[in-house]
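Here is a structure to look at, followed by some questions about the terms used to describe it.

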Amino acid sequence: MTDLIALEADLTAQIAAAADPAALEAVRVAALGKTGAVSTLLKSLGGMNTEDRQVQGPAINGLRDRVAATIASAKAALETAKLDARLAAEAVDLSLPAPPRRKGSVHPTMQAMDEIISIFAEMGFAVAEGPDIEDDFHNFTALNFPPKHPAREMHDTFFFNPKTDGERMLLRTHTSPVQVRTMLSQKPPIRIVAPGRTYRCDSDATHTPMFHQIEGLVIDRGIHMGHLKWTLNSFIGRYFETSAVTTRFRPHHFPFTEPSAEMDVGCDRSGGELKIGQGADWLEILGCGMVHPNVLRACGIDPDEYQGFAFGMGVDRLAMLKYGMSDLREMFAGDTRWLAHYGFSAFAAPNPASGLS
Ligand code: PHE
């Protein structure tokens, strides 16, 4: 019995000392292999008398089972250690700082749009929107463009192929169709601004096929040109953030307003740089007028009861004037260096409380 205990202690020590699977396998062969120490003991059972075998049998078999179990768990431990070592060696350190990347920024057009909306919101205007793909009725007919009138061509319209019924859809040439949609769906009083994309087949330093406009519409009883002038004068001072800005209204023509006007702001072009709010030059900034009675009628509003004014302006151009960009096409080139230079922080959303720009 004593040598069984000594043998087990010896084997257990050898198993614990085996540093790798090969060493462990050598211990296993030496103990449990065909001619191993434990196997030899098992074989000796055959030559024992019954009494001895009854005592030695369970003892040797128990030894064999314990040694086998110890070897198995040592093997599993070695494998786990090996896997852990491999995982540690091949680990990717995700905590390493990422290479520097250019940060995103708010495009100047969207900055100007947010500023303009926030100024009109403060004056009590709601925001209205309409589709970019329009029909002839909303873009032209309801806005008092006579059928086949050259004014339709004047807008350099992008038309789609005719549908089976002959109707041609188009990309809206201005945001004025939103006036029509609003008047058809809401009752006066109405006070909205309609920001959005507009399209004309035109491209040079001051025109791009896609550009942004914001439209304004007020419909109520007793509305007159004085309301229009006050609203736009107040707006332009707020937008350019100066009380010094001067404006003038020049007679103009739009089919959907009567009378119609263009508004100019006083500016200075001397010295090669454009300065708003000083100097003796004028710069055209927007179109406006009193809503034509035919437009009110087309939208189910009685012109004897309600009057209104409307205005529309190019937002990209207003952004360029305020923030000093010179070529409209660059605004849409998607050059990340340009955007890094001219873009605005997404966390500085313009509002009347914290300021505009
Ligand atoms: N829709 C006109 C344009 O695109 C601008 C405008 C809007 C003029 C509203 C008068 C009233 O040029």
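**The ligand and its surroundings**

Strand S10 contributes the most to the shell around the ligand, with 3 residues. The model is predicted.

Q: Which elements give two or more residues to the shell around the ligand?
A: They are strand S5 (210-220), strand S9 (281-291) and strand S10 (307-314).

Q: What makes the pair of histidine 174 and the ligand a polar contact?
A: A polar side-chain atom of histidine 174 lies 3.0 Å from a nitrogen atom of the ligand. The cut-off for N or O atoms is 3.5 Å, so the pair counts as a polar contact.

Q: Why is the pair of arginine 200 and the ligand also called a polar contact?
A: An N or O atom in the side chain of arginine 200 is 2.9 Å from an oxygen atom of the ligand. That is within 3.5 Å, so the term applies. For glutamine 213, the distance from a side-chain N or O atom to a ligand oxygen is 2.9 Å, and therefore this pair meets the cut-off too.

Q: How much of the ligand's accessible area does the protein cover?
A: The protein covers 91% of the 320 Å² that the ligand has on its own.

Q: Why is the contact between glutamate 25 and arginine 28 called a salt bridge?
A: Their side chains meet at 3.0 Å, N to O. The limit is 4 Å between a side-chain nitrogen of Arg and a carboxyl oxygen of Glu, so the pair qualifies. Both residues lie in helix H2 (residues 21-32), 3 residues apart.

Q: How many salt bridges are found in the whole structure?
A: The search finds 16.

Conventions:
Residues numbered from 1 in each chain as written. Predicted model: local features only at pLDDT ≥ 70, side-chain atom pairs only at ≥ 80, totals over all residues. Heavy atoms only, no water. Polar contact = N/O pair within 3.5 Å; in protein donor to acceptor, adjacent residues only side chain to side chain. Areas by Shrake-Rupley, 256 points an atom, 1.4 Å probe, with all protein chains shown as cover. Helix = DSSP H or I, 4+ residues; strand = E, 2+ residues; numbered from the N terminus.
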